[in-house]
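Reader: I'd like a close look at one part of this model, with the cut-offs spelled out as you go. Start with a buried spot, then work outwards from there.

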Amino acid sequence: MQVWHSLNLEELYASLNSGQHGLSTTEANLRLNQYGFNELEADGQPLWRKIIEPFASLFVIILVLATAISFLSHKSLDGIVISAIIAVNIAIYYTQQQATNRVLKSLKKHAQQYVQVLRDGRSTTVAANLLVPGDIVLLFEGQRVPADARVIHEENLLADEAVLTGESLPVKKVVSTISADKPLYERENMLFSGTYIAAGNGRAMVIATGSATEFGAIAKLAVQAEPKSPMQQKIDTLVGRLIKVLGVVAAVVFTLSLLRDVPANEALRFVLAMSVSAVPEDLPIALSVVAVLGIRRMARKNALVRSMRTIEDLGLITAIATDKTGTLTKNSLAVADNWPADPRIDLKRIALKTLGQPANVTEPFDRALQKFAGDHMYNGKLIKNYPFDQALRMSGALWQEADAKVLYVKGAPEHLLNLCQLDDETRHQAESRLHHMVANGQRVIAVAWAKVDHAADKLAGLKDLPLQFAGFVAFADELRPESAAAIAAAKSAGISVRMITGDHFETAFHVGKNLGISTHRDQVIMGSDLPETEEQLETVLKTKSVFARILPQQKFNILRALKRSEITAMTGDGVNDVPALTNAHVGIAMGSGNDIAKDAGDMILLDSSFASIVQAISEGRIIYDNIRRMMFYLLATSLGEILTMIGALLIGLPLPVTAIMILWVNLVTDTALVIPLGLEPAEDDHMKRPPRRPRAPILDRVILSRIVIVGAAMSIPILIVFDFLIQSGYSLEYAQTIAFFMLVVSQWTNAFNARSEQHSAIRGGQVMNYKLLFGLFMAALLQSLVMFGPLKEVFGVASVGFDHLLVGSIFVILTVLLAVEIHKLHHKFKS
């Protein structure tokens, strides 16, 4: 095994048959075939486990038991029918799982990392999974290290290796060789896949990819399933309780059946069939399908959500703390104005010098400055680049010009003015001009220069310099046209919006006012005026909506104070935003941000737009509402079936439906209508309701009482008609056929009740759910095959009069509809 950290650069290049200019494209492709993609190999389920997975369900086991009892009782036809129902259920399970996996695989493409590499001696951008040993990767602050690599060039390069070694402090990286016996956490010339560049920049040669990396070796030992979300846990708990309750109900039904002289084997088969039908065993799968399809819809709207938990949290959000640049604005910065402190100063040349070399220009501000400078040439030799220093609020570059070393810096204007040597008149003119620029909503930076006698490692080492003020450069960043409407929509949904920016007070107020975040100056506060304690800051937050000149630590403090009373979403795009992103209830990373911020966020905005946050919250609410619809529909129809069976036995009637009839009802109605209900379009007022409470149950008292009402409204008409037919001398098969059809129709009717919790099922202006109509059409088509077609004899369906079918159907439709309509009206007036 090669000890890469102990090799010098010549030995490294020779070992990998590469060089300081990287690989050729042809050689990289050959190595990709040799080493494979730079991806961790997922330990997929073995085929045998995938095959038996649906058979491990308690409900399939019950059906298999019912099948065995049917065959042992010489009811071969029933056994064949139940076997067919098992096969259909398993086919549906496989289909839904396949569809879910296909969607999840397509979503992973959105999260693909791209890196800059040297290929054919030129810098080019490639997908990280195409890297091979021997590639040279260019590294920048905030980037996720895409593979294990040896450092070959660095400029103040620091790596965050906490994910691999547990070391909380960034590690300084060097180029020099290191002793072969050094442990992993002391290999200062190595970078490891999955870690992050905390500061600086550099170049590194890839030495291992995919599962051959140190991270890959650990990942094999630490594979674990994603924990279930709170909603999934609540649903699992609910299903578990239903199974316990159903056990008692099944025992009661079995005992009553025996008392009504039903043969024991028939009673047992019926109880088993009723048990399968009564518990929403398909709900977890349906929940996964609906959630995954919802995540795909969000991705199409530029919001990439990582988990079901995030979807739930989106519906809880009461406050959004957002950055301005790139989120509320287009982040297409351009120099709109400039002011040299002296007409003889070449402001363009000095501004260009602050950037260092053109290859290092990546930030929007820097690109705008470069464009502003135009054709100015880089005279002199660059000695060192200085990245942005949060404490000093400036960045710069050190140049060798003739026989002098000259430092050029740019930064926050009021801060840089205080560091410059200015007479009173010049300072007054500068402050006046600055006020004029920021009052127009422009972002302003100051530039300055100074001669130095040495090259320090950091800007902090060059303090107390005789800085000469050069002037101001003002930038315009156009507001996104959709931002104001999105903020209004958030407020309408009961969500407060706070803007956090590094801009000057006047600029921040100007933008906040135009967007509707602030209406008067008292709602704006400077970072320097923020109180130090969380308690005091929490009080301030109640009256402030715009925060200007905010540092990363202050942003984190604002989040902590907000979380004391709000469910908070926080945006971020850089290394310094990571603490806020990881501690927010929902951390929202910008698609334009760096890798460490994206990995820290719960959601990534692919277009970095605030409007996408509001759309994601809307989708989160829709998904949650649809899950409630599915649960209401399944539980109400299941209760209706149980009450029909128990009611018949209690009043001395035969069983209204047979075992295979009730299994058919469960198969046709649940399969055809549940998932379409989970894809119901949004109601008009879903973003005009306040956020739900975090501890609110999935099904509140209103829905639970409605479930009971629907169950009664389904069972009573069926029992009345069934009893009438028996008393009128019709055969049991005839009466069961009518009851069977009424049970199916009542469940179809309840699907339309489930479309809205508050609004009438028969109101006009609703957005049509064509998926539900298609599901209803398929269910009706299948039911017609049983009632009038070739499956008639298989299910023991008798030939019945159309008048009885029509009257029975109208009776149960009206009862179920009216019961829910009255309940909705009662709740509306009560609230």
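Author: Let's start at Phe469, which is buried, with a relative accessible area of 7%. Buried here means under 20% relative accessible area, exposed means over 50%, and partly exposed is in between (1.4 Å probe, protein chains only). Before going on, note that this is a predicted model, where local features need pLDDT of at least 70 and side-chain atom pairs count only at pLDDT 80 or more, while totals for chains, interfaces and linings use all residues. Residues are numbered from 1 along each chain as its sequence is written, and side-chain values use heavy atoms, with hydrogens and water left out.

Back to the rings. There are five aromatic pairs in the structure. One of them joins Phe469 to Phe472, edge-to-face, at 5.1 Å centre to centre with 65° between the planes. For the cut-offs, rings of Phe, Tyr and Trp (its six-membered ring) pair if their centres lie within 6.5 Å; planes under 30 degrees apart are stacked, over 60 edge-to-face, and the rest tilted. Phe472 is buried too, with a relative accessibility of 0%. Trp339 joins in as well: ring pairs link Trp339, Phe469 and Phe472 into a cluster.

For another buried part, try helix H23, residues 659–678 (helices are DSSP runs of H or I, at least four residues; strands are runs of E, at least two; both are numbered from the N terminus). Of its 20 residues, 19 are buried, so H23 is largely enclosed by the rest of the structure. Its end C-alpha atoms are 28 Å apart, which agrees with the 28 Å expected at 1.5 Å a residue; that expected span is 1.5 Å times one less than the number of residues. H23 also bends by about 30° at Asp670, the bend being the angle between axes fitted to the seven residues ending there and the seven starting there.

Now out to the loops. Asn302 sits between helix H10 (283–300) and strand E8 (303–305), and has a positive phi of about 75° although it is not a glycine. With a relative accessible area of 27%, Asn302 is partly exposed. Ala402, in the loop between strands E12 (394–401) and E13 (404–411), also has a positive phi, near 55°, and is not glycine either. At 77% relative accessibility, Ala402 counts as exposed.
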